[in-house]
Amino acid sequence: MAASPPVHVGPTELDEKASIKDKDELPAALPSDEKKGIVDPTNYGEDIKVIDVDELAAQGDVYETVRPLDMDESGKERSFETAWDWSVRLVSLEDDPMQPVWTLRMLFLAVGLGCFGAVLSQIFVFRPTTIYVSHLFIQTFAYILGKIYEEFIPGPQNPIPFLRTRDTAFWRFVNPGSFNIKEHTAILIMSAAAVHGALAINIFAAEDLYYHFTISPAKAIFTLLGSQLLGYGLAGLMRSFLVYPTVSSYPNLFPTIQMFDLLHRGHSNVLQQKRIKVFWIAFVGVFIWQWFPEYIAPLLTGFSIFCLARRDSPWVTRLFGGTTSNEGLGLFSICFDWNYIGSGGSAYGPLFQPLWTQLSQYIGMVLCIIVFCAIYVQNIWKAQNFPFLSQLLYYENGTEYDQLLILNDDYTLNREKLEEQGLPWLAPSNMVGKIAYSMGFGASVMHILLWCRKDIWRAITEARDNTIVDPHYERMKAYKEAPLWWYGGVLVVSIAMGLATNQTSGSQLPWWAFLIAVGFAAVFLPIVGFLYSTVCFVPSTSDVARIFGSALTPGRPIANMYFTMYAYNSIEQGRSMTRDLKMGQYIKLPPRVTFTMQTVGAVIGALLNYVIMKIVIDQRREILLDVQGTNVWSGGTIQAFNSDAVAWGALAKDLYSPSGRYGMVPLSILFGLAVPIPFWLVHHYWPQLKANLILTPMLLSSIAIMNGGITSNYFMQFLLCLFSQFYLRKYKPGFFRKYNFLLSAALDGGTEVMIFVYTFAVGGAGGKAIDFPRWALNPKGNPDYCMKLN
């Protein structure tokens, strides 16, 4: 292996008493020549020693009991406080540039699992029971299939004598031997790109089902490719500050990375063998356990002593119920269902999300409870006419609003019909949710400007001057980089495809509005991506995109769909890409392999999404148009998507203008901009108050967190957050380093495999749902025995 330049490593963690002013006085670009080495920016100070990256890697891996890089001056393992601690102490620096990546095994499994995941995820868009094909699910099955391939396909190193072949280039390509970590990572990246559903499919389905318009296959395919690759092109141009620097650590990646390390490294080490044993015990154990809360005993999803004590009280249901969607706020419920406690394949999870990101969420959650209850009690916005929690539109008397009655045959707004039907009403909890997300978006913009602008600029200047401070990035210099112009080319081609199809596909979106949508994504991807990569928070941009779209193209639901696709979906695609680029950097996957896997995976996924959508709509049209559907097929996802487009595209001027009934929603973006400023001023002048720890975008967005879905999990997540991210991280750093993220991966992975099996075996995805018999822990009505409300 090629030697890497030295890296400076400080002996202690970042001093929590340091003020923001101290940090700002760091040099814009830290030294990175052969003489001075690389400085750890989180420990920049007087006591700095020079350690070569190879020497740093030689100190041991994550599973080692004692490593010099983990120790403080007193000889004890220090807690995890900085991005440097997380990315260097929790991720292996081991690399072998000679490991084969471009193998038949990798290509076969990547394409196969990508197709499987894309088909499965698209089918579940049209099912009443949803399933998310997550990283850990694909990672688990890729490993199993990779080991099977290793054992049973002929190759020069096959352990079975009659399957062992001559050592030639061809047979090494077919089966090079041990299934390695780089093949595994490449498979996961391509499969994840294919699984990431295309929002364009929802538009095509809505046009076909509700607007009686079918786009031609050629235009559909080019629209898909343009919309899916647009975000990839943008993200690739922003690698310098969203991927390369240490500060962009992506905390939600650590369970995945540690699972890779566990499956492929250090198997001869006794300590690693212990971790492997713990992992599989937890994985199998949670797979077995999850059959109880998910199927046999749903009461375990949320045990509430309050619900058991008062089964006939609506307010007990509203406050303490939470085991079914829109039941209640789930206060103090004890949840034993890891499907809801864990990450569920999302960016949020109690075992890996940073402490103050989670605490900011729980502060917002308390405000959510207070605001929801106060509005309902005071009957603000006629709250008592509507369900306590709901996402539907209503007439003033509380009956569900029929949006089709206010539209013309071409699904544009009919003013006369609107005057006859009246404007729809939102349930106040839904209204508060929209206000909270808007405020959270505004706060995200100001948070970046106040707290992160210097970090971003420093990362950009370091990339320009080739002085990037990260040992994983140093390792990546052994490989050819994917040039910037590759991503620029993807961006230009995707914009060209988008413009062409936008003008010829009946989108109703003017060309200038399309370019504004692209600009929206380009401006806000850095904000969303940097918050996601540093503090594991994802600002909501979907409603903000709809606000912009409705202002630019009023009265046009279809145009609003297309604007949302190019603005919001491009941000989500870019965010997904930067995460997987960082995964490649952590694992030391050659950048050109990562580029290829992501772009090919996106293309495969888009094409299969379209094919499956056409088949399902052609065969199940009447069921998909039915409001209730069946236990096997449902058009609920497309119905909700179209309803949002109608509400924003056709009614935005009446509902959300400054003089409209819900004009607070767009104005809340401006209020959100102001919220971080007092916290920044307090920290600037009184740093000892630690106001910098409060993540205002997360706090504000969390005021909407209980608006829908199951809520019985939050109390248990709060307890786990304190145990993992406070107690273990601070006082048991050795256990935290070796087992915290590993257990997160095992519990999430085992749960996701169980949900997959359950969904097809008895959950209805296989054609017929098989309900478990009623008994004390599987009651009729709400599983927690709370009163069922209409």
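At 4% relative accessibility, Ser-429 counts as buried, a class assigned under 20% relative accessible area, with exposed meaning over 50% and partly exposed lying in between (1.4 Å probe, protein chains only). The model is predicted, and local features require pLDDT of at least 70, side-chain atom pairs count only at pLDDT 80 or more, and totals for chains, interfaces and linings use all residues. Residues are numbered from 1 along each chain as its sequence is written, and side-chain values use heavy atoms, with hydrogens and water left out.

Ser-429 lies in helix 19 (residues 428-464); helices (H or I, at least four residues) and strands (E, at least two) are DSSP runs numbered from the N terminus. When residues up to four places away in sequence are not counted, Ser-429 touches Phe-372, Phe-388, Leu-389, Ser-390 and Asn-707, contact being defined as heavy atoms within 4.5 Å.

Arg-579, located in helix 24 (residues 557-587), is likewise classed as buried because its relative accessibility is 13%. Its contacts, leaving aside neighbours within four places in sequence, are with His-135, Tyr-250, Asn-252, Leu-253 and Tyr-532. Trp-171, in helix 6 (residues 169-174), is instead partly exposed, since its relative accessible area is 26%. Outside the residues up to four places away in sequence, Trp-171 touches Pro-154, Gly-155, Pro-156, Thr-165, Arg-166 and Pro-176. The C-alpha atom of Trp-171 is separated by 50 Å from that of Asp-72, a residue 99 positions apart from Trp-171 along the chain.

The cysteines were examined next. One disulfide is present in the structure, a disulfide being a pair of cysteine sulfur atoms within 2.5 Å. This bond joins Cys-307 to Cys-786, with an S to S distance of 1.8 Å. The torsion about the S-S bond of Cys-307 and Cys-786 is about -60 degrees, and the disulfide is therefore left-handed. Distant parts of the chain are linked by the pair: Cys-307 is in helix 14 (residues 305-309), whereas Cys-786 is in the segment after helix 32 (733-761), 479 residues apart. Cys-307 is buried, with a relative accessible area of 0%, and Cys-786 is also buried, at 5%.

For Cys-368, the closest cysteine sulfur is that of Cys-373, and because the distance is 8.6 Å, the two are too far apart for a bond. Cys-373 is accordingly in no disulfide. Both residues are nevertheless buried, Cys-368 with a relative accessible area of 0% and Cys-373 at 14% relative accessibility.

Helix geometry was also computed. Helix 26 (residues 636-649) has 14 residues and should span 20 Å at 1.5 Å a residue; its end C-alpha atoms are 19 Å apart, which agrees. The expected span is 1.5 Å times one less than the number of residues. Buried positions in helix 26 are Ile-638, Gln-639, Phe-641, Asn-642, Ala-645, Val-646, Ala-647, Trp-648 and Gly-649.

The axes of helix 28 (residues 664-674) and helix 29 (residues 676-685) come within 4 Å and cross at roughly 5 degrees. Axes are lines fitted to C-alpha atoms, for helices over the stretch in contact, and angles run from 0 to 180 degrees between N-to-C directions. Helix 28 is therefore roughly parallel to helix 29, a term for angles under 35 degrees (over 145, roughly antiparallel; 65 to 115, roughly perpendicular; the rest, oblique). Gly-672, Leu-673 and Ala-674 of helix 28 make the contact with Pro-676, Ile-677 and Pro-678 of helix 29.
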